[in-house]
Amino acid sequence: MKREGHFREADAAASGKDIMTDGAMSETVLLGVMILAAVLLAICLVLLLIRLLGRRQRHRTARVSSLNAGSITQELPVTEVQAALRPVKVLKDIVYCESEEIIP
Amino acid sequence: MRFMVSASTDAGNVKAANQDSVSVQLLEHDGRQLVFAILCDGMGGLQKGELASASVIHAFRGWCSKRLTVLLQKGLQDGDIRREWTQVITERNEKIKAYGRENGVRLGTTATVLLLTEGRYYVANVGDSRAYELQMQVTQITRDQSVVAREIEMGLLAPEQAETDPRRSVLLQCIGASETVYPDFFFGTPLNHAVYLLCSDGFRHKITPAELLAYLEPYRMNSPENMRQNEQALIRMVKERNERDNITVATIRTYE
């Protein structure tokens, strides 16, 4: 049985043609190429997936705030820390209290 | 907007102790100025009024040093100020009451608290000390929590009658002598080239709004020295008119 563009070796021998001379591949070679392509595609997909997951993880870490923080950052009062870094400066202070005693 | 501040106090003609306490702080945060002022009038008829007034001043100064930066960092909100100042006042009320019970004395104080920023003023009031805004006219920011003020509101008393009413110093509530204290809050936009004034009742009983404006109008308050001189002139005038209470005033001048 012939298929257009493909020759069995016996047919090729009978017709005196080289099996590769008309640009066609044997089914075995074609299958091999397909398997190789599938494997490469799978590897690429796995690498892409790993990269995407890594980026998402980094993104999550960068978005820590007092509102959505996990257990570690909940212990850090973000606003208080920021406030401590930019304190209010006292330019002038007037105070008068006759009592030196204070009710604690 | 920038600010100049001043304050003056005097025991007055009669009392040996000055039961009023006052604090005015000119502050700066992120290159912007703001003012935090508190004026307390220890109760005249109660013992140790100066201890009560000093304790409230101390508590609010503590709030300022611990909490103001945090709120400024978050962005000041009326609700935050209302909640946190109410908490300070409620806590002081309980502490002063407990002190009074333990020591067998009665003490209490009024409190008028002002936080003045470029874009907003925040005022809390308990009792009959007052906050005013002076520019072209005298505007009273606070409402007295006193018996006569309530009767004026209800139409039972004319303002002129209230000035000589024997109950004019009777308060509806004060910090340290009330079961529960409900401070009044007032918020607004500050005026440029204006004067904000806090005073005890001893300062204002004997002077009219016109006299207040004549001495403290913004263009007469061009430097802290001028401000203090004008405050002292009014205190002398009040004493000459036989005011018997302690006399305290704090002024804040806004300018650009």
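## Exercises on a predicted two-chain model

B:His193 sits in the loop between strand 8 and strand 9 (195–199) of chain B. Helices (H or I, at least four residues) and strands (E, at least two) are DSSP runs, numbered from the N terminus. Residues are numbered from 1 along each chain as its sequence is written, while chains are lettered from A and ligands numbered from 1 in the order in which they are written. The model is predicted: local features need pLDDT of at least 70, side-chain atom pairs count only at pLDDT 80 or more, and totals for chains, interfaces and linings use all residues.

**Exercise 1. Find the sign of phi for B:His193 and for B:Asp30, and classify the exposure of B:His193 and of B:Asp30.**

Step 1. Phi of B:His193 is near 55°, a positive value in a residue other than glycine.

Step 2. B:Asp30, in the loop between strand 2 and strand 3 of chain B, also has a positive phi, of about 55°, and is not a glycine. Most residues other than glycine have a negative phi.

Step 3. A residue is buried if 20 or more other C-beta atoms lie within 10 Å of its own, exposed if 12 or fewer, and partly exposed in between, with C-beta atoms placed from the backbone. B:His193 has 13 C-beta neighbours inside 10 Å, so B:His193 counts as partly exposed. B:Asp30 has 9 other C-beta atoms within 10 Å and is therefore exposed.

**Exercise 2. Classify B:Pro183 and B:Thr86 by the same counting rule, and list the contacts of B:Pro183.**

Step 1. B:Pro183 belongs to the loop between helix 4 (159–164) and strand 8 (184–188) of chain B. With 22 other C-beta atoms within 10 Å, B:Pro183 is buried.

Step 2. B:Thr86 is part of helix 2 (residues 78–103) of chain B. Its 15 other C-beta atoms within 10 Å make B:Thr86 partly exposed.

Step 3. Two residues are in contact if their C-beta atoms, placed from the backbone, lie within 7 Å. Not counting residues up to four places away in sequence, B:Pro183 touches B:Trp85, B:Thr86, B:Ile89, B:Ala124, B:Asn125 and B:Val126.

**Exercise 3. Describe how strand 4 (residues 111–116) of chain B is covered and how it pairs with strand 3 and strand 5.**

Step 1. Six of the six residues of strand 4 of chain B are buried. One side carries B:Ala111, B:Val113 and B:Leu115, the other B:Thr112, B:Leu114 and B:Leu116, and both faces are covered.

Step 2. Two strands pair if DSSP finds at least two bridges between them. Strand 3 (residues 32–41) of chain B pairs with strand 4 of chain B in the antiparallel sense over five bridges, and B:Ile38 has B:Val113 as its bridge partner.

Step 3. Strand 5 (residues 121–126) of chain B pairs with strand 4 of chain B over six bridges, again antiparallel. Here B:Leu114 stands opposite B:Val123. Strands 4 and 5 of chain B form a hairpin with four residues between them.

**Exercise 4. Which residues of the largest nonpolar core touch the most other members?**

Step 1. A nonpolar core is a set of buried Ala, Val, Leu, Ile, Met, Phe, Trp, Tyr and Cys residues joined through C-beta atoms within 7 Å.

Step 2. The largest core has 68 residues, of which B:Val35, B:Ala37, B:Leu114, B:Leu116, B:Ile175 and B:Leu197 touch the most other members. Helix 1 (residues 49–74) of chain B gives the largest share of this core, eight residues.

Step 3. B:Ile175 has contacts, not counting residues up to four places away in sequence, that include B:Ala52, B:Val56, B:Ile89 and B:Val181.

**Exercise 5. How many residues of chain A are in contact with chain B, and which element of chain A gives the most?**

Step 1. The contact involves 21 residues of chain A and 30 residues of chain B. On the chain A side, helix 3 (78–85) and strand 1 (89–97) give two or more residues. Strand 1 of chain A gives the most, with nine residues.

Step 2. Strand 1 of chain A and strand 2 (residues 20–29) of chain B run antiparallel and are joined by eight bridges. In this pairing, A:Asp93 stands opposite B:Gln25 in strand 2 of chain B.

Step 3. For the complex, the predictor gives an ipTM of 0.91 and a pTM of 0.76.
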